Amino acid sequence: MTSGARLVILGRQGAGKGTQCVRLSRHFVVPHISTGDMLRAAVREDTEVGVAVKEIMDSGGLVGDSTMVALVRKRVNLDDARTRGYILDGFPRTVVQAQAFDEMSTDQPLDVVLDLVVPRDLVLQRLSSRRVCRDCGTNFTAPADEPRPWTCENCGGDVVHRADDTPDAINRRLDLYESQTAPLIEFYGLTGRLVEIDGVGSPDEVFLRATSAVDARC
Ligand code: ADP
Ligand code: ZN
């Protein structure tokens with residue numbers, strides 16, 4: 001088996017993080033930890049966290065740092081992540097989260113932070129046709145003759161338009177990305193952990209760029 005890896009992936013909404021994470025997680029045999037998927041599951045299951053975050057998520061806002069840090073701390077301390085590593089998708093999203101994560105992972109620090117770079121006008125196009133499986137989280141691109149209802153080919157779940165993929169919520173998330181998450185790029189750059197990956201191209205091309213970057217570092 002390949003050696004594991006401890007990775008964070010950054011990039012605008014629609015940059016292709018979800019698609020690349022599924023592949024990277026198979027390639028390095030590490031769990032894909034998506035905080036968006038975890039929160040959406042919590043909302044669906046009506047847990048205490050789910051009830052607390054639903055409105056924030058639907059409007060495209062950011063969930064509080066302490067909630068997020070607690071959620072991730074619990075997840076990365078499970079056996080699979082302790083032994084193999086992980087690919088973290090959607091976290092950290094603020095410098096406060098990144099600092100908290102460094103503090104909780106001093107014994108097993110991050111290997112690499114990948115920044116998937118795609119311009120804003122291109123991600124806006126991609127997001128308008130994005131659909132997601134409610135159950136397994138796989139992303140799809142809606143064809144012109146979109147099937148309704150649409151059943152996921154992997155798990156049989158419903159493929160739907162995300163509640164926060166409306167133009168207003170998308171723009172809000174992109175603005176928050178610039179203001180809150182872009183400073184992370186500087187934070188990880190200054191500490192020598194950042195690698196920029198050109199996210200424009202086919203999923204295969206981008207995947208090759210990402211794995212080469214990780215292999216060069218791990
Ligand atoms: P996207 O990248 O398209 O915004 P995600 O699936 O990563 O989607 O996240 C969906 C929503 O979940 C975010 O808009 C935010 O409300 C919440 N969320 C996920 N991760 C975090 C985080 N690390 N900090 C704060 N909020 C988060
Ligand atoms: Zn599915």
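Me: Where does Arg-130 sit relative to ligand 1?
Reply: In this predicted model, a polar atom in the side chain of Arg-130 is 3.2 Å from an oxygen atom of ligand 1.

Me: What about Arg-40 and ligand 1?
Reply: The side chain of Arg-40 has an N or O atom 2.9 Å from an oxygen atom of ligand 1.

Me: And which part of Gly-61 lies 2.5 Å from an oxygen atom of ligand 1, backbone or side chain?
Reply: For Gly-61, the atom is a backbone N or O, and the distance to the ligand oxygen is 2.5 Å.

Me: How much of ligand 1 does the protein cover?
Reply: On its own, ligand 1 has 540 Å² of accessible area, and the protein covers 97% of that.

Me: How many residues surround it, and which are the closest?
Reply: Ligand 1 is surrounded by 19 residues. The closest are Thr-35, Gly-61, Gly-90, Arg-93 and Arg-173.

Me: What classes do the residues in that shell fall into?
Reply: Seven residues of the shell around ligand 1 are charged, six are polar and six are nonpolar.

Me: Which element gives the largest share of the shell?
Reply: That is α2, which contributes four residues to the shell around ligand 1.

Me: Staying with α2, how does this helix lie against α4?
Reply: Helix α2 covers residues 35-44 and helix α4 covers residues 65-76. Their axes come within 11 Å and cross at roughly 105°. With that crossing angle, α2 is therefore roughly perpendicular to α4.

Me: Which residues meet there?
Reply: From α2, Thr-35, Met-38 and Leu-39 take part, and they meet Met-68, Leu-71, Val-72 and Arg-75 of α4. Of the residues in this contact between α2 and α4, five are nonpolar, one is polar and one is charged. Thr-35, listed here on the α2 side, is also one of the closest residues to ligand 1.

Me: Why quote both an angle and a distance?
Reply: The angle between the axes and the distance between the axes are what describe two packed helices.

Me: Then what are the values for α6 and α8?
Reply: The axes of α6 and helix α8, residues 167-190, come within 8 Å and cross at roughly 45°. The two helices are therefore oblique to each other.

Me: Which residues make that contact?
Reply: On α6 they are Val-95, Ala-98, Gln-99 and Asp-102, and on α8 they are Gln-180, Pro-183, Leu-184, Phe-187 and Tyr-188. By class, the contact of α6 with α8 has six nonpolar residues, two polar and one charged.

Me: New topic: where is Gln-108?
Reply: Gln-108 belongs to the loop between α6 (95-104) and β4 (112-117).

Me: What does Gln-108 touch?
Reply: Leaving aside residues up to four places away in sequence, Gln-108 touches Arg-6, Arg-82 and Tyr-86. A polar atom of the Gln-108 side chain is 2.9 Å from the backbone oxygen of Arg-82.

Me: Where are there cis peptide bonds?
Reply: One joins Phe-91 and Pro-92, with omega about -10°. Pro-92 is in the loop between β3 (85-89) and α6. Another cis peptide bond joins Arg-148 and Pro-149, with omega about -5°. Pro-149 is in the loop between β6 (139-141) and β7 (159-160).

Me: Last one: what is phi of Val-29, and where does the residue lie?
Reply: Phi of Val-29 is near 55°, which is a positive value in a residue other than glycine. Val-29 is located in the loop between α1 (17-28) and β2 (32-34).

Technical notes:
Residues numbered from 1 in each chain as written. Chains lettered and ligands numbered in written order. Predicted model: local features only at pLDDT ≥ 70, side-chain atom pairs only at ≥ 80, totals over all residues. Heavy atoms only, no water. Axes fitted to C-alpha atoms, helices over the stretch in contact; angles between N-to-C directions. Parallel < 35°, antiparallel > 145°, perpendicular 65-115°, else oblique. Contact = heavy atoms within 4.5 Å. Nonpolar A, V, L, I, M, F, W, Y, C, P; charged D, E, K, R; others polar. Near = heavy atom within 4 Å. Polar contact = N/O pair within 3.5 Å; in protein donor to acceptor, adjacent residues only side chain to side chain. Areas by Shrake-Rupley, 256 points an atom, 1.4 Å probe, with all protein chains shown as cover.
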